[in-house]
Amino acid sequence: MDWITVINSAIAMITIFFGALGWLAPRYTMKTVDLKDGGSTMGRSEVRAASGALFVVAGLGALWLGTHVAYAMLGFIWAGGALGRVTSLIADGTTRLKWIFFGSEVAVAAVALSVNLGAIRAMQFAVSAL
């Protein structure tokens with residue numbers, strides 16, 4: 001197993017792990033990110049869907065497809081999270097937890113994108129050289 005496969009598998013597993021928290025433990029997730037239950041089940045439903053199962057399926061899909069494009073898409077997903085987080089840092093004010101989440105999102109996105117987009121470019125170059 002090469003190092004890119006190890007990195008990609010780790011990124012997929014991180015994505016699945018955090019998704020599983022949102023999907024299967026929405027109350028814990030809501031408490032961690034300071035979301036309040038508004039009296040209906042829609043808040044938990046949204047966390048289960050948008051912060052949970054979506055990430056589980058994205059990570060499983062990347063593992064199943066096993067391509068650099070699939071793993072790069074995980075990087076784009078994490079980059080989207082970082083974009084939303086930095087928007088909040090600017091528009092809503094800063095907190096230590098926001099900075100920690102932002103740093104984590106940027107780090108995962110940077111690794112996933114640099115490793116996989118680099119591999120895609122290398123394959124394209126090799127094919128064009130033929």
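Buried means under 20% relative accessible area, exposed means over 50%, and partly exposed lies in between, with a 1.4 Å probe and protein chains only. By that cut-off, buried residues make up 28% of the 130 residues in the protein chain. This is a predicted model: local features need pLDDT of at least 70, side-chain atom pairs count only at pLDDT 80 or more, and totals for chains, interfaces and linings use all residues. Residues are numbered from 1 along each chain as its sequence is written, and side-chain values use heavy atoms, with hydrogens and water left out.

**Whole chain**

Show the protein chain as a cartoon. Five helices and zero strands appear, in the order α-α-α-α-α along the sequence. Helices (H or I, at least four residues) and strands (E, at least two) are DSSP runs, numbered from the N terminus. Along the principal axes, the C-alpha atoms fill a box of roughly 60 × 30 × 20 Å.

Turn on contacts, meaning heavy atoms within 4.5 Å. Of those between residues at least 6 apart in sequence, 66% join residues at least 24 apart.

Now the surface. The chain exposes about 8200 Å², and carbon and sulfur atoms supply 71% of it. These areas come from the Shrake-Rupley method with a 1.4 Å probe; for residues, only the protein chains shown count as cover.

Colour by charge. There are 9 positive and 6 negative side chains, with the centres of the two sets 5 Å apart. Lys and Arg count as positive, Asp and Glu as negative; His and the chain ends are not counted. Each charge is placed at NZ of Lys, CZ of Arg, CG of Asp or CD of Glu.

**Helix H1**

Select Asn8, in helix H1 (residues 3-24). Asn8 is buried because its relative accessible area is 4%. Which residues does Asn8 contact, leaving aside neighbours within four places in sequence? They are His68, Tyr71, Val115 and Asn116.

Move along H1 to Ile16. At a relative accessible area of 14%, Ile16 is buried too. Beyond neighbours within four places in sequence, its contacts are Phe55, Val56, Gly59, Leu60 and Leu63. Draw the C-alpha to C-alpha line from Ile16 to Phe55: 5.9 Å in space, 39 residues apart in sequence.

**Helix H4**

Select residues 68-92, helix H4. The expected span is 1.5 Å times one less than the number of residues. For the 25 residues of H4 that gives 36 Å, and the end C-alpha atoms are 35 Å apart, which agrees.

Highlight the buried residues of H4: Ala70, Tyr71, Ala72, Leu74, Gly75, Trp78, Ala82, Ser88 and Leu89. Their cover includes H1, helix H3 (42-65) and helix H5 (96-129). Then step just past H4 to Gly93, which takes a positive phi of about 100 degrees.

**Aromatic pairs**

Show the rings. The structure holds two aromatic pairs. Rings of Phe, Tyr and Trp (its six-membered ring) pair if their centres lie within 6.5 Å; planes under 30 degrees apart count as stacked, over 60 as edge-to-face and the rest as tilted.

One pair is Phe17 and Phe18: centres 5.2 Å apart, planes at 75 degrees, so edge-to-face. Phe18 is partly exposed, at 45% relative accessibility.

The other pair is Trp99 and Phe102, with centres 5.9 Å apart and planes at 80 degrees, so it is edge-to-face. Both residues lie in helix H5, three residues apart, about one turn of the helix. Is Trp99 buried or partly exposed? Trp99 is partly exposed, with a relative accessible area of 46%. Phe102 counts as buried, at 19% relative accessibility.
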